[in-house]
Amino acid sequence: MAVTKELLHMDLYALLGIEEKAADKEVKKAYRQKALSCHPDKNPDNPRAAELFHQLSQALEVLTDAAARAAYDKVRKAKKQAAERTQKLDEKRKKVKLDLEARERQAQARGSEEEEESQNTRTLEQEIARLREEGSRQLEEQQKLIQEQIRQDREQRLRGKVESTECRGTPKLKLKWKCKKEDESQGGYSKDVLLHLLQKYGEVLNLVLSSKKAGTAIVEFATVKAAELAVQNEVGLVDNPLKISWLEGQPQGMVDPTPPGLSKVKSQASPSWA
């Protein structure tokens, strides 16, 4: 980290939006919140973002290192006191004219205070130089957390897009078999029997037997592949075969193997019997 005069004049607490007595935990939390919002990766069109991110990194390094923070606090306190003295002097000058002896004494006092401030500044510069040479473990940890959060945000957005795409439509098949209305056994095909026959091809999301038309049901698979396998291979019970046709989600170019003479159900059509 380069030692710049700009850093010596910056209010690091105000930059992070924290109190002067904030603990390391509060410093790190404030850094993550500020740095994440202005991270260059999130603001590629804002040249100011990189500069602000760098300043926040400097603030984290100084304020999470006890020696560097103590040196910075001394410089900050000295500057604040000097500003207060200047303000008081300005107010007094408006009221009375200072005599020569008073100004000489004040000049001597300022000289001593300026020397102390200069010493404090040198100490702070030395601490910052030490941080630069040793590397800031705190900064490295926090920047890793920010990069990880950015990575997770990107994965979450990508996952959301994939899930949105996947949820546009799931494959559905229409099942038909011989069954009379008064047949309580439903031609041998209860919901459990149908699930047992179909689940070997893949996950079944939903299975609905028609309450209006006996011998009819709709099954919804989680994947197109499972639906394809069911259409191609499942024949049902030997004494009462199943007739399976596509209802929704049939891949383009795939020929529905429904035997000739059976009514084909158009893709995306809503069942009138469900």
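Let me start with one residue. Val235 sits in the loop between helix H9, residues 224-233, and strand E4, residues 236-237. Before going on, I should say that this is a predicted model. Is Val235 buried or exposed? Its relative accessible area is 54%, and the cut-off for exposed is over 50%, so Val235 counts as exposed.

Exposed or not, Val235 has contacts. Leaving out residues up to four places away in sequence, Val235 touches Tyr189, Pro241 and Leu242. Its C-alpha atom is also 9.2 Å from that of Leu197, a residue 38 positions away along the chain. Please keep Tyr189 in mind, since I will return to that residue.

Now the overall picture. The protein has 274 residues, and 35% of them are buried. It contains nine helices and six strands. About 17800 Å² of the protein is exposed, and 50% of that area comes from carbon and sulfur atoms. As for contacts with a separation of 6 or more, 64% are between residues 24 or more positions apart.

Next, the sheet. In what order do its strands stand? The order is E2-E3-E1-E6, in an open sheet of four strands with antiparallel pairing. The strands at the edges are E2, residues 204-209, and E6; each has a single partner strand, so one side of each has no neighbour in the sheet. On average, neighbouring strands here are turned by 25 degrees against each other, if direction is ignored.

Two helices pack on this sheet. H8 touches E1, E2 and E3, and its direction makes about 145 degrees with that of E2. H9 touches E1, E3 and E6, and its direction makes about 150 degrees with that of E6. That is the same H9 that comes before the loop of Val235.

As a general reminder, strands of a sheet pair through backbone hydrogen bonds, and the pairing is either parallel or antiparallel.

Let me go through strand E1, which covers residues 172-176. How many of its five residues are buried? Four are, so the strand is largely enclosed by the rest of the structure. On one side, five bridges join E1 to E3, residues 216-221, and the two run antiparallel. E1 also pairs with E6, residues 243-248, again over five bridges and in the antiparallel sense. In that second pairing, Leu175 stands opposite Ile244 of E6.

Lys176 is also in strand E1. With a relative accessibility of 33%, Lys176 counts as partly exposed. Its bridge partner in E3 is Thr216. Beyond four places in sequence, Lys176 touches Gly215, Thr216, Pro241, Leu242 and Lys243. Two of these, Pro241 and Leu242, were also on the list for Val235. Between Lys176 and Ile218 there are 8.9 Å, C-alpha to C-alpha, although they are 42 residues apart in sequence.

Staying with E3, that strand also holds Glu220. Where does Glu220 fall, buried or exposed? Its relative accessible area is 18%; the limit for buried is under 20%, so Glu220 is buried. The side chains of Glu220 and Thr170 are joined by a polar contact of 2.2 Å. Apart from neighbours within four places in sequence, Glu220 is in contact with several residues, among them Pro171, Lys172, Val204 and Leu205.

Last topic, the aromatic rings. In general, a pair of aromatic rings is described by the distance of the centres and the angle of the planes. How many aromatic pairs are there? The count is two. One is formed by Tyr13 and Tyr72, with 6.0 Å between centres and 45 degrees between planes, which makes it tilted. Tyr13 is in helix H2, residues 12-16, and Tyr72 is in helix H5, residues 66-95, so this pair ties together parts 59 residues apart in sequence. Both tyrosines, Tyr13 and Tyr72, are buried.

The other pair is Trp177 with Tyr189, also tilted, at 5.0 Å centre to centre and 50 degrees between the planes. Both residues lie in the loop between E1 and H8, residues 191-198, and they are 12 residues apart. Trp177 and Tyr189 are both buried. And Tyr189 brings us back to the start, as one of the residues that Val235 touches.

Note on methods
Residues numbered from 1 in each chain as written. Predicted model: local features only at pLDDT ≥ 70, side-chain atom pairs only at ≥ 80, totals over all residues. Heavy atoms only, no water. Buried < 20%, exposed > 50% of the residue type's maximum accessible area, 1.4 Å probe, protein only. Pairing = 2+ DSSP bridges. Contact = heavy atoms within 4.5 Å. Areas by Shrake-Rupley, 256 points an atom, 1.4 Å probe, with all protein chains shown as cover. Phe/Tyr/Trp six-rings, centres within 6.5 Å; stacked < 30°, edge-to-face > 60°. Polar contact = N/O pair within 3.5 Å; in protein donor to acceptor, adjacent residues only side chain to side chain. Axes fitted to C-alpha atoms, helices over the stretch in contact; angles between N-to-C directions.
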